[in-house]
Structure formats: C-alpha cells, structure tokens
Amino acid sequence: EKPAPEQAAEKAPVKPSAQAARMFVEVVQAVEPAAEAQCRELAPGINCDFKIVIDNKDGGEANAHQFLTRGGRPILMFNFDLINLVRNADELAFVMGHEAAHHIAGHLEMQEINARQGAAVLAELASANGASTKEIREARELGAALGALHYSKEFELEADELGTIITLRAGYDPLIGARFFHRIPNP
C-alpha cells in the first residue's frame with residue numbers, strides 16, 4: 001500500500017537552511033582538526049583522518065553516528081534533522097566532538113567484542129539446556145544485542161567527557177553545547 005502524499009512528505013528529510021548549512025561547514029572546519037589532534041595524542045595507533053559528512057537520505061529523527069570505511073577511515077555522519085535541531089554552533093560542535101570521541105575511545109570495537117561475547121554466552125547456555133538449532137540461533141542473536149548494549153551508558157559518558165575537550169579545543173563552549181542533550185528525548 002502506498003503512503004498518502006502528505007505522509008510521504010512528512011518522512012522526507014528537510015534540508016537545512018542556508019544559515020544552518022554555513023554553520024555546519026564552519027563547525028566542521030574547527031572541530032575536525034581539533035578531533036584529529038586529540039585522536040593522534042590519545043590513540044596514535046588508529047586512523048585519525050576524520051571525514052565529516054551529511055546523510056541527505058535519512059528522513060528519520062535527528063541523528064549523528066560514527067563508523068569506519070572498509071579502509072578504516074573514521075566517518076562522522078549527521079542527518080538534516082540533527083542539523084536543523086541544534087540551536088547554535090556550540091551544540092553542533094559538542095555533538096561532533098562526542099561522535100569523534102567514540103572513535104578515539106575505540107567504542108565500536110569494544111561494542112563488537114561485547115556483542116560477540118554476549119552471543120557466545122547465550123548460545124552456550126541455550127545449547128547446554130537442550131535448545132534446538134533455531135533456539136540456539138535466536139539465543140545467539142539476543143546475546144549479541146544484549147552484549148552490544150552492555151556498557152553503552154559508560155561509552156556515552158566517556159564520549160561526553162572527551163567530546164567536551166574536543167569542543168573546547170575547537171573554540172566552542174561545551175557547557176552551551178551539552179544543552180543539546182537535555183532537549184532530546186533519549187540523550
């Protein structure tokens with residue numbers, strides 16, 4: 001069934017204003033070198049060549065995340081909704097610093113390790129209790145999901161701490177920037 005035209009329009013990403021786009025570029029120009037310097041200082045063995053991009057296809061809620069390319073380059077991605085939601089450059093810089101901090105602290109790798117461990121533990125428990133192959137597979141999937149969530153609050157707080165330093169070094173006020181997380185439903 002096709003969505004009504006008004007429903008489809010609601011889900012389409014709303015491009016940032018020219019002012020918001022300029023702010024994004026200015027913040028990237030300040031935060032990227034600060035994040036790269038912090039990365040080289042704290043984690044000299046990892047790729048610190050950040051690429052900061054906009055996800056122009058996401059029509060969901062405000063979001064930013066970091067990931068690695070197959071070659072290991074860290075990407076910080078922000079969607080239009082997040083760029084439209086921040087109230088000032090300090091907030092945007094804080095979110096960028098926070099996302100960069102996840103990479104510097106190795107949170108993706110730790111989350112993957114936690115997911116593998118959780119999957120192995122639950123699959124082993126299911127197997128030891130006589131579960132079927134299907135039940136073992138489901139237990140492994142549940143264990144991976146639970147393992148990935150383990151320490152997520154700790155990771156977020158650590159990213160906030162390091163993101164504060166990056167924000168400050170980029171020339172923005174992290175106290176003003178952190179206000180962003182007080183406004184969103186699930187910080």
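**Entry 1: Arg-183 and its partner**

I started with the side chain of Arg-183, and I found one of its polar atoms 2.8 Å from the backbone oxygen of Leu-85. I note here that this is a predicted model.

Where does Arg-183 sit? I looked it up and found Arg-183 in helix 9, which covers residues 179-183.

Is Arg-183 buried or exposed? My answer falls in between: Arg-183 is partly exposed, because its relative accessible area is 27%, and the band for that label lies between 20% and 50%.

Next I listed what Arg-183 touches, leaving out residues up to four places away in sequence. My list reads Leu-85, Val-86, Arg-87 and Glu-91. I picked Val-86 for a distance check: 97 residues separate Val-86 from Arg-183 in sequence, yet their C-alpha atoms are 9.6 Å apart in space.

**Entry 2: Aromatic rings**

I stayed with helix 9 and turned to its rings. How many aromatic pairs are there? I have 3 in my count.

One of them joins Phe-94 and Phe-181, which meet edge-to-face, with 5.7 Å from centre to centre and 70° between the planes. Phe-94 belongs to helix 4 and Phe-181 to helix 9, so this pair ties together parts that lie 87 residues apart in sequence. I checked exposure too, and both Phe-94 and Phe-181 are buried.

Phe-181 also pairs with Phe-180, again edge-to-face, at 5.5 Å centre to centre and with 75° between the planes. Phe-180 is buried as well. I therefore wrote the three down together, as Phe-94, Phe-180 and Phe-181 form one aromatic cluster.

**Entry 3: The second largest pocket**

My last stop was an open space. Rolling a probe the size of a water molecule over the atoms shows where empty space is left.

How much space lies in the second largest pocket? I noted about 190 Å³.

Which elements supply at least two residues each to its lining? I found strand 2 (64-68), helix 4 (89-104) and helix 5 (107-128). Helix 5 gives the largest share, with 4 residues. I copied down some of the lining residues, among them Ala-43, Ile-46, Gln-66, Leu-68, His-102, His-103 and Glu-112.

I sorted the lining by class and got 5 nonpolar, 5 polar and 2 charged residues. Glu-109 and Glu-112 are on the lining list, and Glu counts as charged.

Helix 4 now turns up twice in my notes: Phe-94 of the ring pair lies in it, and it helps to line this pocket.

How values were computed
Residues are numbered from 1 along each chain as its sequence is written. This is a predicted model: local features need pLDDT of at least 70, side-chain atom pairs count only at pLDDT 80 or more; totals for chains, interfaces and linings use all residues. Side-chain values use heavy atoms; hydrogens and water are left out. Buried means under 20% relative accessible area, exposed over 50%, partly exposed in between (1.4 Å probe, protein chains only). Contact means heavy atoms within 4.5 Å. A polar contact is a pair of N or O atoms within 3.5 Å; within protein, one must be able to donate a hydrogen and the other to accept it, and residues adjacent in sequence count only if both atoms are side-chain atoms. On a 1 Å grid over the protein atoms alone, a cavity is a set of points where a 1.4 Å probe fits but cannot get out, and a pocket is an open set with protein on both sides within 12 Å along at least five of seven lines; lining residues have an atom within 4 Å of a point. Grid points are joined across faces, edges and corners, and a volume is the space filled by probe spheres set on the points. Rings of Phe, Tyr and Trp (its six-membered ring) pair if their centres lie within 6.5 Å; planes under 30 degrees apart count as stacked, over 60 as edge-to-face and the rest as tilted.
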